[in-house]
Amino acid sequence: AAFCVVFYNKLVFDKYNLTPPTTRDEFMAINDTLVENGVTPMAQTVDGRWPAFIMFEEMVLRTGGPDTYNALVNGEISYQDPAIVEAMTLWKEMIEKGYFTDPGLAFGTADNAMLGVFIKDEIGMIPIGDWYAGTIMEGGFEPGVDYDAFIMPNAKADLPPALFFETSPLIVSANGPNKAQAIETAKWFMSTSAQEEWSNVMGFSSPNSRAQIDNPVAQNVASQMSASNAVALQRYWEATPPDIVETAVDELSRFILDPSTMDEVLANIQQKAETVWAERQ
């Protein structure tokens, strides 16, 4: 399991006297300050296709809240709904203001180009699952010293605190020759002691709530969630039918490369969504 957060370069933030934002205005002010000083505020890529949904889900959640997000992924509202258009318009403005990196840089699933510019203090923030902590630490950054994390603030004050989570299954073959041993191994891996070892090595959150994690950044994220009583939502990749997701990430990639395609992109995703949901009736 992992929570979707915004990692930030503490060295960059300290240099420009920036602190983690708690409001949208503070967040935008950080972006503006970094742009003015020649630092790219945030990482964003279309490499591998899947990362294209990261800012999409964040913008929908931050402008429309959990109810709007859940309605979208459950097929209850259209991708052309005013709330989704509002979210995309805000994202479009952020792209046009130069808040994001070259969209060809990879997060690490293909190569670590994004890590390279992050540890060189050329990027201020990376919105991504906190599983990326392992990659950041491999780059030589010390958690709590060189980098930390915050939950992206909402655009509207009346929306509840929230963030996304992602999960990965442990799969055991039904007809494997060592099925019983595999199940026991899976149980061990999810135990408190094993999860403490795993999470401390990898630097990110554990689905086992009893696991005590030494990483100060993971502790910080857990504290922020607890203090705000944040709602945890399943991320877009798993929350809506895969046929819609596959179309959406390609269309959202096209939007990232050319924000002027916004209306066409939303229309194309909606067309696919209508087909898929109709098939599920």
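Guide: A residue counts as buried under 20% relative accessible area, as exposed over 50%, and as partly exposed in between (1.4 Å probe, protein chains only). This is a predicted model, in which local features need pLDDT of at least 70, side-chain atom pairs count only at pLDDT 80 or more, and totals for chains, interfaces and linings use all residues. Residues are numbered from 1 along each chain as its sequence is written, and side-chain values use heavy atoms, leaving out hydrogens and water.

Visitor: Let's start with M225. Why does M225 count as buried?

Guide: M225 has 16% relative accessibility, so M225 counts as buried. M225 sits in helix α9; helices here are DSSP runs (H or I, at least four residues), strands are E runs of at least two, and both are numbered from the N terminus.

Visitor: Which residues does M225 touch?

Guide: Leaving aside residues up to four places away in sequence, M225 touches F3, I151, L163 and A230. A contact means heavy atoms within 4.5 Å. As for I84, the two C-alpha atoms are separated by 25 Å, with M225 and I84 being 141 residues apart along the chain.

Visitor: What makes the length of α9 close to what is expected?

Guide: Helix α9 covers residues 216-228, 13 in number, and its first and last C-alpha are 18 Å apart, close to the expected 18 Å. The expected span is 1.5 Å times one less than the number of residues.

Visitor: Which residues of α9 are buried, and how do you know that they line one face of the helix?

Guide: V217, A218, V221 and M225 are the buried ones. Looking down the axis of α9, these residues fall within an arc of 105°, so they line one face. The arc is that of the directions from the helix axis to the C-beta atoms. On the face turned away from the buried side you will find the exposed residues S226 and A227. The cover over the buried residues includes β1 (2-9), β4 (147-150) and β5 (162-166).

Visitor: Just after α9, why is N229 called exposed?

Guide: N229 has 65% relative accessibility, so it counts as exposed. It lies in the loop between α9 and β6 (231-234). Its phi is positive, about 55°, although N229 is not a glycine. Most residues other than glycine have a negative phi.

Visitor: And why is D121 called partly exposed?

Guide: D121 has a relative accessible area of 31%, so it is partly exposed. D121 also has a positive phi, near 65°, and its place is the loop between α5 (113-119) and β3 (123-129).

Visitor: What about T167: why does it count as partly exposed?

Guide: T167 has 39% relative accessibility, so the label is partly exposed. T167 is in the loop between β5 and α7 (179-189).

Visitor: Now the helix pairs. What makes α3 roughly antiparallel to α4?

Guide: Helix α3 (residues 53-73) and helix α4 (residues 82-96) pack at about 170°, with axes 8 Å apart. That angle makes α3 roughly antiparallel to α4. Angles under 35 degrees count as roughly parallel, over 145 as roughly antiparallel, 65 to 115 as roughly perpendicular and the rest as oblique. They run from 0 to 180 degrees between N-to-C directions, with axes fitted to C-alpha atoms, for helices over the stretch in contact. Among the contact residues are F56 and L72 of α3 and I84 and W91 of α4.

Visitor: How do you know that α11 is roughly antiparallel to α12?

Guide: The axes of α11 (residues 242-257) and α12 (residues 262-279) cross at roughly 175° and come within 9 Å. The crossing makes α11 roughly antiparallel to α12. The residues that meet include I244, L252 and F255 in α11 and V265, I269 and W277 in α12.
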